[in-house]
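Visitor: I would like to learn how to read a structure of this kind, one feature at a time. Could we begin with the idea of a contact and go on from there?

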Amino acid sequence: MAELRVFSLKQVSAHKSKDDCWFVIGGKVYNVTKFLQEHPGGEEVLVEASGRDATRDFEDVGHSPAAKGMLDNYLVGVLEGFKGVVSVNKQSNASSGKKDKLAFKDMPAFVIKEEKPSVFIRFLEFLVPLVIVGATYLFKTLP
């Protein structure tokens, strides 16, 4: 495997436009400029995340394993100080026999994570309507 380039966050931040869109996910630097038109969530989402560490944004969306696997196609390097292991499984269009666009039809774009509300929030959701009903009852029954 060829040696990956090492980029500083300042270098990555210079690539934050529709014509030159890079970001960092998990310490790896990706150039997704060619993917903007194909992104199921729209190109604006990627451009907004460009030029910075977008790990949290990427993980919060809950991308499918297939979407995560596609990242390797856009890997250009690692962030300065990255200590992890980089394994690249790039599949060329020639070897797979398909273009990336065709592979998208079978791949769910993302899964929205449903976060359960905390116990306190659930308690409030139960208690507040009861308090309102009780207050209304008392207000109507008082002379």
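Guide: Two residues are in contact here when they have heavy atoms within 4.5 Å. Please keep in mind throughout that this is a predicted model.

Visitor: With that cut-off in hand, which residues does V47 touch, not counting residues up to four places away in sequence?

Guide: V47, which lies in helix α2, touches S17, K18, C21 and L36 once residues up to four places away in sequence are left out. As for T33, the C-alpha atoms of V47 and T33 are 8.9 Å apart in space, while the two residues are 14 residues apart in sequence.

Visitor: Is V47 buried, exposed or partly exposed?

Guide: A residue counts as buried under 20% relative accessible area and as exposed over 50%. V47 has a relative accessible area of 24%, so it is partly exposed. S8, in contrast, has a relative accessible area of 16% and is therefore buried; S8 sits in the loop between β1 (5–7) and α1 (9–13), and it touches L79 and E80, again not counting residues up to four places away in sequence. Over the protein chain, 28% of the 143 residues count as buried.

Visitor: How should I read the overall succession of elements, and how many helices and strands does the protein chain have?

Guide: The protein chain has seven helices and five strands, and from the N terminus on its elements run β-α-β-β-β-α-α-α-β-α-α-α. Among the contacts with a separation of 6 or more, 67% come from residues 24 or more positions apart.

Visitor: What is the strand order of the sheet?

Guide: As a general idea, strands of a sheet pair through backbone hydrogen bonds, and they do so either parallel or antiparallel. Here the five strands form an open sheet in the order β1-β5-β4-β3-β2, with mixed pairing. β1 and β2 (16–17) stand at the edges with a single partner strand each, which means that one side of each has no neighbour in the sheet.

Visitor: Which strands pair in the parallel sense, and which antiparallel?

Guide: β1 and β5 pair in the parallel sense over three bridges, and within that pairing V6 has V78 of β5 as its bridge partner. Strand β4 (residues 28–31) runs antiparallel to β5, the two being joined by three bridges, and here Y30 is matched with L75 of β5 as its bridge partner. β3 and β4 also pair in the antiparallel sense, over four bridges, with K28 of β4 as the bridge partner of I25. Four of the five residues of β5 are buried, so this strand is largely enclosed by the rest of the structure.

Visitor: How do I recognise a nonpolar core, and which residues have the most contacts inside the largest one?

Guide: In soluble globular proteins, nonpolar side chains tend to be buried together. The largest nonpolar core in this model has 17 residues, and those with the most contacts inside it are F23, I25, Y30, V32, F35 and L46. At least two residues of this core come from each of β3 (20–25), α2 (43–49) and β5 (75–79), and β3 gives the most, with three residues. Apart from this core lies another, of six residues, including V12, V24, V29 and L79. Y30 itself touches C21, W22, F23, I25, L71, D72, Y74, L75 and V76, not counting residues up to four places away in sequence.

Visitor: How many aromatic pairs does the structure hold, and what should I read from their geometry?

Guide: The structure holds two aromatic pairs. The rings of F7 and W22 have centres 5.1 Å apart and planes at 85°, so this pair is edge-to-face. Because F7 lies in strand β1 and W22 in strand β3, the pair ties together parts that are 15 residues apart in sequence, and both F7 and W22 are buried. The rings of F35 and Y74 have centres 5.4 Å apart with planes at 45°, so this pair is tilted. F35 belongs to the loop between β4 and α2 and Y74 to the loop between α4 (65–70) and β5, so the pair ties together parts that are 39 residues apart in sequence; F35 and Y74 are likewise buried.

Visitor: Finally, what area does the protein chain expose?

Guide: The protein chain exposes about 10,400 Å², and carbon and sulfur atoms supply 60% of that area.

Terms used
Residues numbered from 1 in each chain as written. Predicted model: local features only at pLDDT ≥ 70, side-chain atom pairs only at ≥ 80, totals over all residues. Heavy atoms only, no water. Buried < 20%, exposed > 50% of the residue type's maximum accessible area, 1.4 Å probe, protein only. Core = buried A, V, L, I, M, F, W, Y, C linked by side-chain atoms within 4.5 Å. Pairing = 2+ DSSP bridges. Phe/Tyr/Trp six-rings, centres within 6.5 Å; stacked < 30°, edge-to-face > 60°. Areas by Shrake-Rupley, 256 points an atom, 1.4 Å probe, with all protein chains shown as cover.
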